[in-house]
Amino acid sequence: MALILLLLIRILVLNPEGKPVVGAWVEVDGMYKSGFWEEQTTDSRGVFIVAVETGAHQIVVTKQGYKTWAEARMMSDDKEDIVVRMVR
């Protein structure tokens, strides 16, 4: 049986002024993933945490009043922190 390595990814969503964006919707690989906080949106600190397998992943962040942010990322066996700067 193959061992699957899961990584804990912390996504920090900020507005153009560098302040947290609360309630931003986070989507990983085209599916809504349930993160550590059992939510699909950023918390009061603008943070969303999700566990993913190593490899390539597409991350999309949306919030009304901002342009959609999307990026493909290669996740390794290191802890990943992703900072998203939303644009109006």
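Colleague: Happy to look at this together! Of the 19 residues in the largest nonpolar core, which touch the most other members?

Modeller: Glad to help, and please keep in mind that this is a predicted model. In soluble globular proteins, nonpolar side chains tend to be buried together. Here the largest nonpolar core has 19 residues. Those that touch the most other members are Ile9, Ile11, Val13, Val61, Ile82, Val84 and Met86.

Colleague: And which element gives the largest share of this core?

Modeller: Two or more residues come from each of β1, β2, β3, β4, β5 and β6. The largest share is 4 residues, and the element that gives it is β1.

Colleague: Let's stay with that strand, then. Is Leu7 buried or exposed?

Modeller: Leu7 has its place in strand β1, which covers residues 6–14. The cut-off for a buried residue is under 20% relative accessible area. Leu7 has a relative accessibility of 5%, so this residue counts as buried.

Colleague: What separates the C-alpha atoms of Leu7 and Thr54?

Modeller: Along the chain, Leu7 and Thr54 are 47 residues apart. In space, the separation of their C-alpha atoms is 6.6 Å.

Colleague: Which residue in β3 is the bridge partner of Ile9?

Modeller: Start with the strands: β1 and β3 run antiparallel and are joined by 7 bridges. Within β3, the residue that partners Ile9 is Val50.

Colleague: What about β6: in which sense, parallel or antiparallel, does β1 pair with this strand?

Modeller: Strand β6 spans residues 80–85 and shares 6 bridges with β1. One place to look is Leu14, which stands opposite Arg85 in β6. The sense of the pairing between β1 and β6 is parallel.

Colleague: Now for the open sheet of 3 strands. What is its order?

Modeller: Let's build it from the pairs. Strand β2 (residues 25–28) runs antiparallel to strand β4 (residues 55–62), with 4 bridges between them. Strand β4 also pairs with strand β5 (residues 69–75), again in the antiparallel sense, over 7 bridges. The order of the open sheet is therefore β2-β4-β5.

Colleague: Which are the edge strands there?

Modeller: In the order β2-β4-β5 the pairing is antiparallel. An edge strand pairs on one side only, and the two that do so are β2 and β5.

Colleague: By how many degrees are neighbouring strands of this sheet turned against each other on average?

Modeller: The sheet in question is the open one with the order β2-β4-β5. With direction ignored, the average turn between its neighbouring strands is 20 degrees.

Colleague: Which residue in β4 does Glu27 stand opposite?

Modeller: The β4 residue to find here also stands opposite Ala70 in β5. Facing Glu27, the residue in β4 is Val60.

Colleague: In the hairpin of β4 and β5, which residue takes a positive phi?

Modeller: This hairpin has 6 residues between the strands. The positive phi is near 95 degrees, and the residue that takes it is Gly65.

Colleague: On to charges. With which residue does Arg45 form a salt bridge?

Modeller: A search of the whole structure finds 2 salt bridges. For the one formed by Arg45, the closest N and O atoms are 2.7 Å apart. Its partner lies in the loop between β2 and β3 (47–53). That partner is Asp43.

Colleague: Is Asp43 buried or exposed?

Modeller: Its bridge partner Arg45 is partly exposed, with a relative accessible area of 42%. Asp43 has a relative accessible area of 18%, and the limit is under 20%. That makes Asp43 buried.

Colleague: How far apart, N to O, are Glu71 and Arg73 in their salt bridge?

Modeller: Glu71 is partly exposed, at a relative accessible area of 27%. Arg73 counts as partly exposed too, at 24% relative accessibility. Their side chains meet in a salt bridge with an N to O distance of 2.4 Å.

Colleague: Last one, on confidence: which element of the protein chain has the highest mean pLDDT?

Modeller: The protein chain averages a pLDDT of 85, and 82% of the residues score at least 70. Among the elements, the lowest mean, 87, belongs to β3. The highest mean is 92, and the element is β5.

Conventions
Residues are numbered from 1 along each chain as its sequence is written. This is a predicted model: local features need pLDDT of at least 70, side-chain atom pairs count only at pLDDT 80 or more; totals for chains, interfaces and linings use all residues. Side-chain values use heavy atoms; hydrogens and water are left out. A salt bridge is a side-chain nitrogen of Lys or Arg within 4 Å of a carboxyl oxygen of Asp or Glu. Buried means under 20% relative accessible area, exposed over 50%, partly exposed in between (1.4 Å probe, protein chains only). pLDDT is the predictor's confidence in each residue, from 0 to 100. Axes are lines fitted to C-alpha atoms, for helices over the stretch in contact, and angles run from 0 to 180 degrees between N-to-C directions. A nonpolar core is a set of buried Ala, Val, Leu, Ile, Met, Phe, Trp, Tyr and Cys residues joined through side-chain atoms within 4.5 Å.
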